[in-house]
Amino acid sequence: MSEVPKPSSARTIPIVEQPPSASASRAWALPLPQPTSAVQRPFPPLDTHSRPLRDLRISVTDRCNFRCGYCMPRSAFGNDHPFLPYAELLSFEEITRAANVLLPLGVRKLRLTGGEPLLRKDLERLVAQLSALRTLDGTPPELTLTTNGTLLKRKAAALKAAGLQRVTVSLDALDNATFQRMSDTGLHVHEVLEGIEAAQAVGLGPIKVNMVVQKGVNDDQILPMVRHFKGSGIELRFIEFMDVGQTNGWQMQHVLPSDEVRARIHAEHPLLPAPPHQAGETAQRWSHADGQGHVGFISSVTQAFCGDCNRLRLSTDGRLYTCLFATQGHDLRSHLRATPAASDEDISARLAALWSQRQDRYSEQRSQSPTGSTLGRTDHAPRIEMSYIGG
Ligand code: SAM
Ligand code: SF4
Ligand code: SF4
């Protein structure tokens with residue numbers, strides 16, 4: 001049965017400039033560009049830095065049952081936070097159509113994210129729809145999900161049966177007190193560990209575990225996490241705390257550079273450089289010298305990797321973002337809901353134009369700035385929140 005948007009209480013989306021807040025950036029939507037001449041661009045399109053489009057990240061909800069301080073601090077995402085009303089969410093059919101139009105433009109991988117994607121009701125129905133799509137070369141897209149893991153125990157089997165291939169689980173500590181403090185939750189860390197086990201049991205792998213490292217907050221958990229996951233077939237990846245969004249109080253002094261994390265691990269568990277799985281991969285991979293698996297490092301602060309960034313993000317309410325650090329999205333939803341209906345060809349041509357015009361290289365610009373701050377930007381509009389477009 002198709003998902004029909006319910007009428008909402010008609011929350012008005014502001015169209016005027018607002019002070020930075022967790023929700024302000026939604027006001028900054030641009031129209032999708034007009035199609036450019038087919039003669040002027042290659043197809044599938046490359047952006048202005050010759051990067052192809054490969055990876056589509058789809059946010060299915062802006063809500064979450066955690067309040068990780070680096071992502072959705074409770075001070076900005078409290079009980080009165082205006083999350084998107086249901087009518088503003090793309091339906092599963094709209095998401096599937098968007099993916100179907102983007103796959104011929106080069107997309108090979110679909111990642112469901114959020115907010116916490118497992119909070120979206122009947123998500124396995126979307127998974128089934130997406131898994132029936134095909135890439136440009138006729139193969140099924142890679143279909144993955146990023147989750148905080150708390151609902152995995154309940155959902156893993158249904159997701160696998162619907163066609164989900166892999167999961168990435170976010171977990172910042174094994175120590176329960178540190179875990180609860182960082183996620184601002186009363187749930188026990190065992191819930192996540194059991195979710196990981198459930199995903200492993202049904203074959204949602206190879207599983208990756210993402211750990212955001214904040215200096216002085218959870219860096220004492222690096223080695224316990226390595227010891228726990230080494231030899232398990234699960235790849236543990238360390239993410240540098242990023243200056244994404246407006247609300248997480250990011251400061252460079254809270255970033256523990258990946259080089260330092262790696263040195264700490266190497267001292268106890270010697271590491272060797274390992275080749276990436278594929279071009280454009282966010283993590284640098286290292287293997288345990290004793291053959292007991294891999295660890296990865298996502299170093300978007302200290303080692304910018306915009307050069308081969310092939311990611312496009314679709315927000316819960318149908319805006320496209322060509323960079324995680326964008327201030328403005330492009331409005332796809334109005335084309336998906338147009339009356340009379342817009343053709344797939346028209347939408348495709350506009351999306352090709354959007355990708356062809358893409359210039360983003362925020363992390364590289366940040367690393368070239370003398371203060372390591374956000375000087376890469378020339379505008380001062382509020383940046384979108386990670387929980388709104390996903391990681
Ligand atoms: N709720 C799901 C989860 O936590 O896996 C999916 C959405 S979450 C926004 C996606 C990823 O973004 C998570 O791995 C999270 O750790 C990461 N993330 C969020 N804020 C971050 C920040 N400021 N710096 C680095 N990573 C961040
Ligand atoms: Fe929720 Fe994920 Fe953000 Fe944590 S990182 S608050 S689990 S969306
Ligand atoms: Fe891609 Fe933007 Fe991140 Fe650079 S800063 S890697 S362009 S998402």
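Okay, quick one on terms before I start: a residue is called buried when its relative accessible area is under 20%. Keep that cut-off in your head, and take isoleucine 234 as the test case. It has 7% relative accessibility, so isoleucine 234 counts as buried. Also, please remember that what we're looking at is a predicted model.

So where does isoleucine 234 sit? It's in a loop, the one between helix H6, residues 222-229, and strand S7, residues 235-240. Leaving out anything up to four places away in sequence, isoleucine 234 touches Ile196, Gln200, Ile207, Lys208, Val209, Phe229 and His294. Take that last one: isoleucine 234 and histidine 294 are 60 residues apart in sequence, yet their C-alphas are 8.0 Å apart in space.

There's another loop residue to look at, glutamine 221, between strand S6 (208-213) and H6. Buried or exposed? Buried: glutamine 221 comes out at 6% relative accessibility. Its contacts, again without the neighbours within four places, are Asp172, Ala173, Leu174, Asp175, Thr178 and Met211.

Let me zoom out for a second. The chain has 391 residues, and 54% of them count as buried. The secondary structure comes to eleven helices and 13 strands. And if you take the contacts with a separation of 6 or more, 74% of them are between residues 24 or more positions apart.

Now, strand S2, residues 55-59. Five of its five residues are buried, so S2 is largely enclosed by the rest of the structure. In a regular strand, side chains alternate between the two faces of the sheet. Here, Asp55, Arg57 and Ser59 point one way from S2, while Leu56 and Ile58 point the other way.

What does S2 pair with? One partner is S3, running parallel and joined to S2 by five bridges, with leucine 56 opposite leucine 110 in S3. To get from S2 to S3 the chain goes through H1, and that β-α-β crossover is right-handed. S2 also pairs with S11, again parallel, through four bridges. On that side, isoleucine 58 stands opposite leucine 314 of S11.

Next, helix H2, residues 123-131, where Leu123, Leu126, Val127 and Leu130 are buried. Why do we say they line one face? Because, looking down the axis of H2, the buried residues fall within an arc of 105°. And what covers them? The cover includes our strand S2, plus helix H1 (92-102), strand S3 (109-113), strand S4 (142-147) and helix H3 (152-162).

Last bit, the ligands. Around ligand 2 we have Cys64, Phe66, Cys68, Tyr70, Cys71, Met72, Gly115 and Asn148. By class that shell is six nonpolar and two polar, with no charged residues.

Around ligand 3 you'll find Phe305, Cys306, Cys309, Arg311, Arg313, Cys323, Leu324, Phe325, Arg358, Asp360, Tyr362 and Ser363. Two elements give two or more residues to that shell: strand S11 (311-314) and helix H10 (362-368). So S11 turns up again here, after its pairing with S2. The ligand 3 shell has seven nonpolar residues, one polar and four charged. Put the two side by side: no charged residues around ligand 2, four around ligand 3.

That's it from me, thanks.

Note on methods
Residues numbered from 1 in each chain as written. Chains lettered and ligands numbered in written order. Predicted model: local features only at pLDDT ≥ 70, side-chain atom pairs only at ≥ 80, totals over all residues. Heavy atoms only, no water. Near = heavy atom within 4 Å. Nonpolar A, V, L, I, M, F, W, Y, C, P; charged D, E, K, R; others polar. Buried < 20%, exposed > 50% of the residue type's maximum accessible area, 1.4 Å probe, protein only. Arc of directions from axis to C-beta. Contact = heavy atoms within 4.5 Å. Pairing = 2+ DSSP bridges. Right-handed = clockwise from strand over helix to strand, strands pointing away.
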